[in-house]
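Work through the following exercises with the sequence and the model at hand. Each task is followed by a stepwise solution.

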Amino acid sequence: MNPADLLVWLVLLPVLLAALLFVAPEGWRTRLGQLGTLLCASLALLLAWQVLQHGPISVALGNWQPPLGIRLHADGLSALMLALTALVALPLAAHAPAWFVRHEAAQSRAGAFFWPLWMFQWAALNLLFLAGDLFNAYVGLELSGLAAVALVALGGQRAALEAALRYLLLALFGSMLYLLGVALLYGAGGVLDLTLLGAQLEADHASRAALLLITLGLLIKTALLPFHFWLPAAHANAPAPVSAILSGLVVKASFVLLLRIWFEIFHPIGLGGAGEVLGALGIAAIIWGSLQAMRQERIKLLVAWSTVAQLGYLFLIFALAVELAWAGSVLHALSHGLAKAALFLAAGNIVLALGHDQIHRLHGAAGKLPLTFFTVALAGVSLMGLPPSGGFAAKWLMLQAAIDLGRWPYVVAIIGGSLLAAGYLFPLLRHALAGTHDPRQREGERLLSRWLEFPPLLLATLALLLGLMALLPMSLLSGGMPVSLR
Amino acid sequence: MNMALWFTLVGAALAAIALHAFFSRRHPLRRLIALNIMGSGIFLVLIGLARLYPGTLPDPVPHAMVLTGIVVAVSATAFGLVLLRRLARLGRGET
Amino acid sequence: MSGVTLALDLLLGLSLVWLAWRTLASPTLFGAIVLFIAFGLLMALVWARLDAPDIALAEAAVGAGLTGVLLLAALADLQQGDNLLPVREPLRGWLLQLILALCALGLFTLLTLALLGLPSPPPSLAGQVLPRLDGAGASHPVTAVLLDFRAWDTLLEIAVLLLAVVAAWSLGSHPHPNPRIVGSEVLQGLVRVLLPFAVLSAGYLVWRGGFAPGGAFQAGTVLAAAGILLLLSGLGRPFNGRHWLWRALLASGLFIFTGVALGTLLLGGGALDYPAGLGYGLILAIELGLTLTIGLTFIALYAGEQDAAEERE
């Protein structure tokens, strides 16, 4: 297959599968979904391999070159994010069916509708990672947002539906701000292609207003503090496989788009002060998210607040605009994606097995579920940034960048963030390891099948291995580094 | 001032009013309406820009973008309303 | 520009802003919806004034018509008894109110400065589109952009449309939204007369879209209106989502579109690069598929999925 065709297939195959999964009888959906996952994931990994071998790949759809037509573009960043999505999707395809069968509280139809909705989400994620056109990315944002809201609502209970409604309203509002910014950019430049816009943008009122509106819109979707308020309820009340998708992947898609827009379009008009603001918000998110995570009583809420904190790291790149920090930021997106997906799936397993997710009632649960709590610990190593995990490599790179630039508040925040992560993860493990079983609890406890326990373990292991193999993503990234980085 | 520029400013006013209503109104149905009006304002900016100067040819690309935007907006609104109704039924104790 | 048209444009713009304000400030939900429909109709007038007939048609049909019907149907459902909706806390304190007002004012100022500062004449893609219309599958510029130059956007938009139905149905079935006017022979008679005309005019709009304003979106909405009338009159029944055939029909537009995209890719020409001479036919096929899908989707979003069992009650 022509490597450029892979880009088109990566979007169209999940779209086609989503439609097929909707039409297929409910009994067929799991098998068809698993088969489709295998296909889509292979294509994504194949594309990443092609980009590693031959460098960035572009395709003009309908053979209409920009500015008239729409371009898809796969560089190192896209390849890594596509590969991350595939690596999360594969274990998820084994875990999700087992989880939906076991979880009585979710309606029976939740398991059947999970597949088409997740395929739509996958198509939207791939599109956003490949998008080379601002308006096309808008359609991708809406596809991703609607699918995410519907996936949250699969939780079925009142809390899940309320979180979904709030998520929907804010996601739509974010898209509106983004579209308004795109409209102004089109007025100023007359093109929608990212690269072409970057080449001709001038520092006028319209482009400054567009930068502000687009950034605000995407910050709402990425849930950077102070726009994080919708995230904990939505991520914590969704079914566990959905939480893994939302925290691990969906918030990263709007972040990648923001990264591209800042470093590929707006770099000529100077990022200066605005970048400092985003960096400072990132630090604030690390601190506030971690403090909130420490206060939580429920495991899933703790994990969701930890996402708020970990997303903060991603934004340090806007203040530390150098190549090292860029690599660190992308590596952090990858390692957090894997570790957080593992953690949410493990948290879902704990809820299934114990029938509750109260942290202070975990006494000795690790004895009952050794594999699941081992997964929690393994994912925790990466979130805390301990060697040899991917989280360590990412934070190390960012730390080096901050030291090179002499930005001491950032040095303190990066190191302090790891300590804070330990502050909310250790109590969880301490409760699970210490103490004796509560005899009354035993009746409700059930052993978990290997389909439930091994997929999160695999994800946590991958997050750990990422640190040992950090050179592979680095060599992918080195080809597509934005010219605007110092 | 030309006619198209006037309507882009009207679009800007619509977006600003809708922004205010989105954050100050309480009922989710009203907030959905506010989002729709904000969308109309943005579409107006796009189309106004497409023919900002008399005598130049109208640009069909923003027209296509707005048509796409209208369909996306109605899809999102429709789903939002179904979600709202589901919540209301849950609140009434039905299933 | 003569003084009279200038005055009319000023009046039209001001009434639009005023109507939006009234809609958003309306004391009752019902009032807000009715004003919103009026707002949509006025928007259609503005689109016509801005030489955007395609958008005027879509706005009147989708923006005002369909969204209005959906809002009214939802309101009828919401007003049955106490439903404990998650209504947000009202903004307390004058400081918050002031900040919000400043935000809105700030947005308006930001946009005004940006719009007034745009280059003249504005850069645009018109010069790119118009010379290439001969090579495209449609001679109407907007249709050529939608289904040829930027067909990728349109394909994904159809995916969003199907996603809305999948998402709505994932929430479970909900009862038919409106009290049926079954037995009203006048309405039934009217629907019987109107139905063939609706189908005919939908077909006409699709065919016309190739060279003039019109196309699948407008045609699909006409079909949807006919379908909704059919439901209201009691002649038609909401379709049963449990049957795969209905689901396949809803997805057919997306199947045709992705089929064409992957077909052209496999034939070696590149996705959505229509082979010479086939462009017109392929675009017409896509548009017919889209018309059916759009019509059915809008009906599905209005009526919701219904189990056959519930229908009999």
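**Exercise 1.** In this predicted model, list the residues in contact with Tyr178(A), leaving aside its neighbours within four places in sequence.

Solution. Step 1: take the contacts that precede Tyr178(A) in numbering, namely Leu134(A), Ala137(A), Tyr138(A) and Leu141(A). Step 2: add Leu213(A), Ile214(A), Gly217(A), Leu218(A), Leu257(A) and Ile261(A).

**Exercise 2.** Place Tyr178(A) in the largest nonpolar core and state where this core lies relative to domain 1 and domain 2 of chain A.

Solution. Step 1: the core has 364 residues, and Tyr178(A) is, with Phe114(A) and Trp152(C), one of those that touch the most other members. Step 2: helix α6 of chain A, residues 158-189, supplies the largest share of the core, 22 residues. Step 3: residues of the core come from both domain 1 (1-271) and domain 2 (294-486) of chain A, so the core lies between these domains.

**Exercise 3.** Classify Leu98(C) as buried, partly exposed or exposed, and describe its surroundings.

Solution. Step 1: locate Leu98(C) in helix α4 of chain C, residues 94-116. Step 2: its relative accessibility is 44%; because this falls between the limits of 20% and 50%, Leu98(C) is partly exposed. Step 3: Leu98(C) belongs to a nonpolar surface patch of about 750 Å², together with Trp94(C), Leu95(C), Leu96(C), Ile99(C), Leu102(C) and Leu105(C).

**Exercise 4.** How many helices and strands does chain C have, and what share of its residues is buried?

Solution. Step 1: the count gives 12 helices and zero strands. Step 2: of the 313 residues in chain C, 53% are buried. Step 3: chain C exposes about 13,100 Å², of which 71% comes from carbon and sulfur atoms.

Note on methods. Residues numbered from 1 in each chain as written. Chains lettered and ligands numbered in written order. Predicted model: local features only at pLDDT ≥ 70, side-chain atom pairs only at ≥ 80, totals over all residues. Heavy atoms only, no water. Core = buried A, V, L, I, M, F, W, Y, C linked by side-chain atoms within 4.5 Å. Buried < 20%, exposed > 50% of the residue type's maximum accessible area, 1.4 Å probe, protein only. Helix = DSSP H or I, 4+ residues; strand = E, 2+ residues; numbered from the N terminus. Domains from an automatic or database assignment. Contact = heavy atoms within 4.5 Å. Patch = residues over 30% accessible without salt bridge, like charges linked within 9 Å, V, L, I, M, F, W, Y side chains within 5 Å. Areas by Shrake-Rupley, 256 points an atom, 1.4 Å probe, with all protein chains shown as cover. Salt bridge = Lys/Arg side-chain N within 4 Å of Asp/Glu carboxyl O.
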